[in-house]
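Q: Could you take a close look at one enclosed space inside this model, describing what surrounds it, and then comment on the cysteines?

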Amino acid sequence: MVDLISAIKGNRFAVFGRAGMDVFATPIGVKSEDAGMFAADLGGSSANICVGLVKFGGNATLVTSVSDDAVGRFCVNRLKEYGVDTRYVRSVGGEARTSLAVYESCIEDFQNVIYRNGAADFQVTPEDMDQVNYADWSALITAGTVFAAEPSRSATFRAFENARAAGLPVIFDIDYRPYSWPSPEVAAEVLSRAGEESDMIVGNDEEFGFMAGGMDKGLDMARRLAERDGRIVIYKMGAEGAITLHGGEETRTGIFPVEAVKPNGAGDSFLSGLLSAIAQGHSLRDAVMRGSACASIVVSKPGCAGAMPDLEGLEAFLETHPGPTK
């Protein structure tokens, strides 16, 4: 059986999922429809996770496809500038397009307009997964969006098989985005399969509830998944904090309240902060708290990839913040 914690301490991650361009209104507080200026940066959940891991001193490679155009090349360039390994980022031609997110740094009536018609990241193939040298990495990470369409769905399950054959654990961020899926029924079935095949599962109460067939059943599903020996399940509850389920124990933790300027990017920062803290030798409980602090940092700043904290930024936040909720 794979030793999950030891693998995470290896701090070398192959991350599967999407990179995209984020375009956000400036300055803070301006609605998108009223903006006279927008800033652009790297976005996309898996790309954000990679950036967060690298900022904390880890190694991360992104496995995905981008469109063979200026937007795709922008994303690859930004990945490289952040220090993410791009050897497995493949450009695809035709009508496929890299995702675009247009949003604002404004919590009230927050708007995030996602353009994902003909998404390039769904063009990843099983053959792409077979070309990855899994021996270079200590763990595999995937966000759930990769399972929403073919050939990316089959390709990522192939990556799961390859990872298991190489002795790598699978870390799964549910990351359910309804607009990407053909139907809720397909999403529930496929995401549940991915959860069953994973060694660490991270999601919020709505995502677990969706997979279980009802919000009142989500925590029970998380508990059932956590019954497998060695598996870690983290059940996030927004402002109510999180429940970490591991080794027959449940640990409840709070959050670090901040004045948020946007809601997006929190989950990506949480996961990268959590894994980085485990890699640095923190206990699982403390790692969850540090991940929560990272989430708070990101929502308090504009942008996503650029808002991901490094170790110095996280320590400064923890030193000056009054502390987490109970």
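A: The account below takes the cavity and its lining, and then turns to the cysteines.

This is a predicted model, in which local features need pLDDT of at least 70 and side-chain atom pairs count only at pLDDT 80 or more, while totals for chains, interfaces and linings use all residues. Residues are numbered from 1 along each chain as its sequence is written, and side-chain values use heavy atoms, with hydrogens and water left out.

The structure holds 2 cavities of 30 Å³ or more, a cavity being a set of points on a 1 Å grid over the protein atoms alone where a 1.4 Å probe fits but cannot get out. The second largest cavity encloses about 30 Å³, the volume being the space filled by probe spheres set on the points. Its lining (residues with an atom within 4 Å of a point) is made up of F16, G17, V63, T64, D121, V124, M129, V146, S152 and T156. Two or more of these residues come from each of β4 (59–67) and α5 (152–166), elements taken as DSSP runs, with helices (H or I) of at least four residues and strands (E) of at least two. By character, the lining divides into 5 nonpolar, 4 polar and 1 charged residue, with Gly counted among the polar ones.

As for the cysteines, the model contains 0 disulfides, a disulfide being a pair of cysteine sulfur atoms within 2.5 Å. C75 is unpaired, its nearest cysteine sulfur, in C50, lying 12 Å away, and C75 is buried (under 20% relative accessible area, 1.4 Å probe, protein chains only) at 0%. C304 is also buried, at 4%, and its sulfur lies 13 Å from the closest cysteine sulfur, that of C75, which is too far for a bond.

Methods. 1 Å grid on protein atoms, 1.4 Å probe; cavity = no way out; pocket = protein on both sides within 12 Å on 5 of 7 lines; lining within 4 Å. Buried < 20%, exposed > 50% of the residue type's maximum accessible area, 1.4 Å probe, protein only.
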